[in-house]
Amino acid sequence: MTFLLQVMWGQLTAAERHESALQLQSLAAQCEGAPVPLVLDSGLVIPPVNLVMVPTTESFVVQNLKSHLRPVKLEKTKENFGPFLFTPINFGSLERKSNKASNKIDYLWVAEELCEVKLELSNPFPFELEVSNMRLLTSGAVFESLPLTLTLPPDATNVGVTLSGTSKEVGQLEITGYSTHTLGVKSNCRLKNIPRIGESMFSVEVIPALPLLQVSSPLPTK
């Protein structure tokens with residue numbers, strides 16, 4: 001039933017999607033678990049399928065850190081030796097900059113600080129859709145993702161959701177998607193399989209934890 005709902009999603013009418021979802025939910029209540037390969041009597045193997053379209057992801061945006069936690073690189077002031085300076089143009093470096101991958105995030109994340117990704121989700125069904133244990137899927141640097149449970153109203157569109165977690169080590173972190181538990185089925189939703197995202201992953205550089213400066217004052221606040 002999971003295979004039918006996911007693979008035939010574009011060909012099913014709204015009523016057929018609704019009916020299939022209710023049947024899947026009923027079956028999953030009897031035998032809940034993650035998608036596994038299904039071997040038919042003919043020997044044909046149906047591969048495991050994740051429910052990528054339930055709920056439907058409208059956007060997936062990696063967020064910068066809170067303003068007071070963002071690392072700032074201090075640039076050394078260059079001395080001015082006069083107007084007669086010759087700086088040759090390195091065409092190779094310009095070419096490398098122009099070919100920068102679009103999925104490489106410009107800003108940095110900091111180890112041991114809370115990091116966030118904002119999503120917009122839609123519920124394609126005329127009933128409340130509960131999504132539990134929703135977490136970010138990552139690779140590379142160790143990342144501790146915090147679980148989230150939410151309920152989407154019937155036929156809701158573009159509902160804002162924030163998934164968060166903490167980087168536990170320094171290095172390159174790749175955000176590849178998110179996991180869900182809905183309609184009784186556990187799914188790993190990879191960005192490469194989500195039509196409206198356009199990227200297979202997002203890469204963020206994680207730097208070491210930085211010291212924080214806190215200023216206190218005896219003056220009353222207004």
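Q: Buried means under 20% relative accessible area and exposed means over 50%, with partly exposed in between (1.4 Å probe, protein chains only). Is glutamate 116 buried or exposed here?

A: Glutamate 116 is buried, because its relative accessible area is 18%. Before we go on: this is a predicted model, where local features need pLDDT of at least 70 and side-chain atom pairs count only at pLDDT 80 or more, while totals for chains, interfaces and linings use all residues. Residues are numbered from 1 along each chain as its sequence is written, and side-chain values use heavy atoms, leaving out hydrogens and water.

Q: What share of the 222 residues in the chain is buried?

A: Buried residues make up 36% of them. For the outside, the chain exposes about 14,300 Å² (Shrake-Rupley method, 1.4 Å probe), and carbon and sulfur atoms supply 55% of that area.

Q: How many helices and strands does the chain have?

A: There are 3 helices and 12 strands. These are DSSP runs numbered from the N terminus: H or I over at least four residues for a helix, E over at least two for a strand.

Q: How many salt bridges does a search of the whole structure find?

A: The general idea is that side chains of opposite charge can pair when their charged atoms come close. The cut-off is a side-chain nitrogen of Lys or Arg within 4 Å of a carboxyl oxygen of Asp or Glu. In this structure the search finds 4.

Q: Which residue does lysine 66 form a salt bridge with?

A: Lysine 66 goes with glutamate 116, and their closest N and O atoms are 4.0 Å apart. The two sit in distant parts of the chain, 50 residues apart: lysine 66 in the loop between β3 and α3 (91–98), glutamate 116 in strand β5 (residues 114–122). While glutamate 116 is buried, lysine 66 is partly exposed at 48%.

Q: Where do arginine 196 and glutamate 58 sit in the chain?

A: Their side chains meet in a salt bridge with an N to O distance of 2.0 Å. Arginine 196 is in the loop between β11 (185–190) and β12 (202–207), and glutamate 58 is in strand β3 (residues 56–62), 138 residues apart. Arginine 196 counts as exposed at 54% relative accessibility, whereas glutamate 58 counts as buried at 19%.

Q: Which residues are linked in a network of salt bridges?

A: Glu112, Glu144 and Lys168 are. Within that network, lysine 168 and glutamate 144 meet at 3.4 Å, N to O. Lysine 168 lies in the loop between β9 (159–167) and β10 (171–182) and glutamate 144 in strand β7 (residues 143–145), so the pair ties together parts 24 residues apart in sequence. Lysine 168 is partly exposed at 37%, and glutamate 144 is partly exposed at 42%.

Q: In what order do the 4 strands form an open sheet?

A: Two strands pair if DSSP finds at least two bridges between them. Here the order is β3-β5-β9-β7, with antiparallel pairing. β3 and β7 stand at the edges with a single partner strand each, so one side of each is left without a neighbour in the sheet. On average, neighbouring strands are turned by 30° against each other, direction ignored, using axes fitted to C-alpha atoms and angles that run from 0 to 180 degrees between N-to-C directions.

Q: How many bridges pair β7 and β9?

A: They pair over 3 bridges, in the antiparallel sense. One pair of bridge partners is phenylalanine 143 and serine 167, the latter in β9.
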